Amino acid sequence: MMEMKGKQILVDPFISPNELASHIDISSLKPDVILVTHGHADHVADLMTIAKQSNALVISTFEVASWVEQQGHSNMFQMNHGGKREFDFGTLKLVNAVHSSVLPDGSYGGNPCGFIIESEGKSIYLAGDTALTMDMKLIPMWTKLDLAVLPIGDNFTMGIEDAIIASDFIECNNILGMHFDTFGYIKINHEEAKTAFQAKGKELHLLEIEESISL
Ligand code: NI
């Protein structure tokens, strides 16, 4: 969950089936906006419940947002890769991610995405689930990032080594790690990961569930 311009923005809600977060009462979550990077179950598990109880605006790719509407939630907004738009919480640009995307019921999920959010003078890159990709080199042409949220768990996404290269591509040394530890095969050694980033003059933040950082 992020807070910008007084709006609460939730990204890829995967809470109740997540052993590390299952103690969180999702009925207490009332975001204004939900961003969805792709349709995999570990990103949309609690999406419809939270969207409906909060009437949050769900923003995603054309295919995922259309699926949300089919599930009975009309407060959604469809974007697609390369598109940029002003919202009340800031400016959002939808960017490439190299991954796959299918909804839990087998519906076509289109291409997965990442987001760049510019708000209150800060710029944040949410990579989504992705491999290292040359497209990341475009990002510094558009914005000067203050923080990048990169997957680091390997196996399904980039691992630490590639995330360090990604951090060079995007010209941002302030990294928040995601997509690690949730399942056995994406468990990482936290100290080793932080040391690997430090050795390249970069900082890797690894938050505990419900822990937060501010920019
Ligand atoms: Ni995924």
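Against which elements do the buried residues of α3 pack? The legends below, drawn from a predicted model, begin with this helix.

**Figure 1. Close-up of helix α3 and the elements packed against its buried residues.** The buried residues of α3 pack against α2, β4 and β5 (76-79). Within α3, the residues Val64, Ala65, Ser66, Trp67 and Val68 are buried. Just after this helix, glycine 72 adopts a positive phi of about 95 degrees.

**Figure 2. Close-up of helix α2 and its buried face.** Helix α2 comprises residues 47-54, and its buried positions are Leu47, Met48, Ile50, Ala51 and Ser54. Viewed down the axis of α2, these buried residues fall within an arc of 170 degrees, so they line one face of the helix. An α-helix has 3.6 residues a turn, so residues three or four places apart point the same way. The elements covering the buried residues of α2 include β2 (7-11), β3 (33-35) and α1 (41-44). Also among them are β4 (57-61) and α3 (62-70). Asparagine 55 follows α2 and has a positive phi, near 50 degrees.

**Figure 3. Close-up of the nickel ion and its donor residues.** The nickel ion is coordinated by three histidine nitrogens, namely NE2 of His38, ND1 of His40 and NE2 of His99, together with OD of Asp129. These contacts lie at 2.2 to 2.4 Å. Along the sequence, the donor residues follow the spacing H-x1-H-x58-H-x29-D. The arrangement is irregular because the four donor atoms subtend angles of 88 to 177 degrees around the nickel ion. For a tetrahedral assignment, all angles would have to lie between 85 and 135 degrees. Histidine 38 has a relative accessible area of 1% and is therefore buried. Histidine 40, at 17% relative accessibility, also counts as buried, because the criterion for burial is a value under 20%.

**Figure 4. Close-up of the pairing among strands β1, β2 and β3.** Strand β1 (residues 2-4) pairs with β2 in the antiparallel sense, over three bridges. Glutamate 3 stands opposite glutamine 8 of β2. The two strands β1 and β2 form a hairpin with two residues between them, and lysine 5 in the turn has a positive phi of about 45 degrees. The pairing of β2 with β3 is parallel and likewise extends over three bridges. In this second pair, leucine 10 stands opposite isoleucine 34 of β3.

**Figure 5. Close-up of the open sheet of seven strands.** The strands are arranged in the order β6-β7-β8-β9-β10-β11-β12, with mixed pairing. Strands β6 (84-87) and β12 (203-205) stand at the edges, each with a single partner strand, so one side of each is left without a neighbour in the sheet. On average, neighbouring strands of this sheet are turned by 20 degrees against each other, direction ignored. At the β12 edge, strand β11 (residues 174-178) runs parallel to β12 and is joined to it by three bridges. Isoleucine 175 has leucine 204 in β12 as its bridge partner.

**Figure 6. Close-up of serine 167 and its contacts.** Serine 167 is located in helix α5 (residues 160-169). With a relative accessibility of 0%, serine 167 counts as buried. Neighbours within four places in sequence being left aside, serine 167 is in contact with Leu150, Cys172, Asn173, Ile175 and Lys202. One of these contacts, Ile175, is the residue whose bridge partner in β12 is leucine 204.

How values were computed. Residues numbered from 1 in each chain as written. Predicted model: local features only at pLDDT ≥ 70, side-chain atom pairs only at ≥ 80, totals over all residues. Heavy atoms only, no water. Donors = N, O, S within 2.8 Å, 3.2 Å for Na, K, Ca; no water. Tetrahedral: all angles 85-135°; square planar, octahedral: opposite > 155°, others 65-115°. Buried < 20%, exposed > 50% of the residue type's maximum accessible area, 1.4 Å probe, protein only. Pairing = 2+ DSSP bridges. Helix = DSSP H or I, 4+ residues; strand = E, 2+ residues; numbered from the N terminus. Axes fitted to C-alpha atoms, helices over the stretch in contact; angles between N-to-C directions. Arc of directions from axis to C-beta. Contact = heavy atoms within 4.5 Å.
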